[in-house]
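Okay, thanks for making time, everyone. I'd like to walk you through a structure that's probably new to most of you, so let's put it up on the screen.

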Amino acid sequence: MSLTTQCSAATGHVDFRADERRRLVAWADENTLEVSIKPASVSQSQGMIFVGYGEGVVHWTIYRAEGQLWLCCIGDRTEQGREGSKVAVASVEDALARIIVDTHA
């Protein structure tokens, strides 16, 4: 597992809280997945979380937009070109649970 973060502060933007980021890192470690967290910035109004199996290949993104938390599935290990799906989730934990279900499907 590896973690990449950028440490820029963005006031007034939608970002992930420190406790959410800590849980993400611990969860990824337990599940041998790679997590990259991109905080909100001047050019991007919301933070993004990228989750994948490693080697820089992203399979899911988690972000806040339109007052919701979203989980977007980009692809899986065998079908990188497939069209992704997007679903509103109640919490970061809900998104992570859905990712685990997806990895075992």
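Before anything else: what you see here is a predicted model, so keep that in mind as I go.

Let's start with the overall layout. The chain has two helices and six strands. If you trace it along the sequence, the order goes β-α-β-β-β-β-β-α. There are 105 residues in the chain, and 36% of them are buried. On the outside, the chain exposes about 6,100 Å², with carbon and sulfur atoms supplying 52% of that.

What about contacts across the sequence? Take the contacts between residues at least 6 apart in sequence: 39% of those join residues at least 24 apart.

Okay, on to the cysteines. How many disulfides does a search of the whole structure find? Zero. And why is there no bond between cysteine 72 and cysteine 73? Well, the closest cysteine sulfur to the one in cysteine 72 is in cysteine 73, and that's 7.2 Å away, which is too far for a bond. A disulfide needs the two sulfur atoms within 2.5 Å, so at 7.2 Å this pair doesn't qualify. Turn it around and you get the matching story: for cysteine 73, the closest cysteine sulfur is the one in cysteine 72, again at 7.2 Å.

Are these two cysteines buried or exposed? Cysteine 72 is buried, with a relative accessible area of 18%. The cut-off for buried is under 20%, so cysteine 72 makes it in at 18%. Cysteine 73 is buried too, at 8% relative accessibility.

Last topic: backbone angles. Most residues other than glycine have a negative phi. With that in mind, have a look at two spots here.

One is threonine 32, which isn't a glycine but has a positive phi of about 50°. Where is threonine 32 in the chain? You'll find it in the loop that runs between helix H1 (18-30) and strand S2 (34-38). Threonine 32 is exposed, at 62% relative accessibility.

The other is glutamate 66. Its phi is positive as well, about 55°, and again this is not a glycine. Glutamate 66 sits in the loop between strand S4 (57-65) and strand S5 (68-73). With 68% relative accessibility, glutamate 66 counts as exposed.

So, to recap those two: threonine 32 and glutamate 66 each have a positive phi, and each lies in a loop. That's my tour, happy to take questions.

Note on methods: Residues numbered from 1 in each chain as written. Predicted model: local features only at pLDDT ≥ 70, side-chain atom pairs only at ≥ 80, totals over all residues. Heavy atoms only, no water. Buried < 20%, exposed > 50% of the residue type's maximum accessible area, 1.4 Å probe, protein only. Helix = DSSP H or I, 4+ residues; strand = E, 2+ residues; numbered from the N terminus. Contact = heavy atoms within 4.5 Å. Areas by Shrake-Rupley, 256 points an atom, 1.4 Å probe, with all protein chains shown as cover.
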